[in-house]
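Student: Please pick one part of this model and take me through it closely. I want its surroundings as well.

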Amino acid sequence: MELEITTLALLAVAALLAGFIDAIAGGGGLITVPALLATGMPPTMALATNKLQSCFGSFSATFYYFRRGLLDWRTMKWAIACTFIGSVLGTIGVQLIDASILQKVLPFLLGAFALYFLCSPRVGDEDRQQRLKMIPFALLIGTGIGFYDGFFGPGTGSFFALAFIALAGFSMAKATAHTKLLNFTSNIASLLFFILGGQVVWVAGLSMALGQFIGARLGSKMVVTQGTRIIKPMLVTVSLVMSVHLLWQQYPAWFSWINF
């Protein structure tokens, strides 16, 4: 698929903004997937190409958090393995299973997630009591959300962050860092499958990769320097925006009263 230089430049700018948001709160796909679809790509190619460019953003954020000492690789080894397997199964499953039910339920899950962070007084910069040991966490959360990311995707970062905070007892900054690690894992797993299927538009994905890398680095730095002050409002805002966006897609009649 051939794209003009101007189109590639606009895609790179969209990826930069998405990478910045993704590194803090997730949800960057709400920017990049519509941008790719606007070029005329078929949906499967847009999703595959989005995985390519998002790998660069999630890697950039993960590497930054690693260098700042926020990642515990030894503790996360089982979660990484389960997330990888779950994402592969999800990427295969999306070719075989009707995702319409999940699409209809997801907006309400994201809305509930936003309310949890908005109302919970316990979400902050300190670790809390762990409710789920890491091996059960890996099997349940890593596999489950990894499957979801390969199968559908929107809100993956938000769900990982909620799980780390509510179940693993992580602080908000630590949860955000480990979320990007598992995001990168699921992105790589899904991308490999899409490459095997020949669905990736390489020129578009690589053009966006630079923007993603830079945006993710800037967003990661904001997390380290600003902590809860920036993460909590961004998580709530992104989750609400994703919820409304998906409601608009799945229940357009609810918005018929809006006149443009």
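Tutor: What follows sets the scene briefly and then stays with one helix and its partners.

This is a predicted model: local features need pLDDT of at least 70, and side-chain atom pairs count only at pLDDT 80 or more, while totals for chains, interfaces and linings use all residues. Residues are numbered from 1 along each chain as its sequence is written, and side-chain values use heavy atoms, with hydrogens and water left out.

First, the setting. The protein chain has ten helices and zero strands. Both are DSSP runs numbered from the N terminus: helices are H or I over at least four residues, strands E over at least two. Of the 260 residues, 51% are buried. Buried means under 20% relative accessible area, exposed means over 50%, and partly exposed lies in between, with a 1.4 Å probe and protein chains only. The accessible surface is about 12,200 Å², and carbon and sulfur atoms hold 70% of that surface. The areas come from the Shrake-Rupley method with a 1.4 Å probe; for residues, only the protein chains shown count as cover. Among contacts between residues at least 6 apart in sequence, 81% join residues at least 24 apart. A contact means heavy atoms within 4.5 Å.

Now the chosen part: helix α3, residues 43–67. Start with its partner α2, residues 29–37. The two axes come within 9 Å and cross at roughly 135°. Axes are lines fitted to C-alpha atoms, for helices over the stretch in contact, and angles run from 0 to 180 degrees between N-to-C directions. α2 and α3 are therefore oblique to each other. On that scale, angles under 35 degrees are roughly parallel, over 145 roughly antiparallel, 65 to 115 roughly perpendicular, and the rest oblique. The crossing of α2 past α3 is right-handed. That is, the near helix is turned clockwise from the far one by less than a right angle; anticlockwise would make it left-handed.

The α2 side of this contact is Thr32, Val33, Leu36 and Leu37. The α3 side is Pro43, Ala46, Leu47, Thr49, Asn50 and Gln53. Asn50 deserves a closer look. It is buried, because its relative accessibility is 11%. Beyond residues up to four places away in sequence, Asn50 touches Thr32, Val33 and Leu36.

Next comes α8, residues 172–196. α3 and α8 pack at about 145°, with axes 8 Å apart. This crossing is left-handed. From α3, the contact includes Thr44, Leu47, Ala48, Lys51, Leu52 and Cys55, and it also takes in Phe59, Thr62 and Tyr65. From α8, the residues include Thr176, Leu181, Phe184, Ile188, Leu191 and Phe194.

Follow the chain on to the loop between α8 and α9, where Gln199 lies. Gln199 is partly exposed, because its relative accessible area is 24%. The C-alpha atoms of Gln199 and Pro43 are separated by 9.9 Å, although the two residues are 156 apart along the chain. Outside its neighbours up to four places away, Gln199 touches Thr44, Met45, Ala48, Thr49 and Phe194.

Further along α3 sits Ser60. At 0% relative accessibility, Ser60 counts as buried. Its contacts beyond four places in sequence are Phe213, Ala216 and Arg217. Arg217 belongs to helix α9 and is partly exposed, with a relative accessible area of 27%. In turn, Arg217 is in contact with Ser60, Phe63 and Tyr64, leaving aside neighbours within four places. Arg217 and Ala61 are 156 residues apart along the chain, yet their C-alpha atoms are separated by 5.6 Å.

α9 has another partner. It packs with α1 at about 30°, and the axes are 6 Å apart. The pair is therefore roughly parallel. Its crossing is right-handed.

Last, the core. In soluble globular proteins, nonpolar side chains tend to be buried together. A nonpolar core is a set of buried Ala, Val, Leu, Ile, Met, Phe, Trp, Tyr and Cys residues joined through side-chain atoms within 4.5 Å. The largest one here has 38 residues, and Tyr65, Met76, Phe137 and Phe164 touch the most other members. α3 is among the elements that give it two or more residues, as are α8 and α9. The largest share, seven residues, comes from α6. Met76 touches Met134, Phe164, His178, Leu181 and Leu182, not counting residues up to four places away. A second, separate core of twelve residues includes Leu3, Ala14, Ala35 and Met41.
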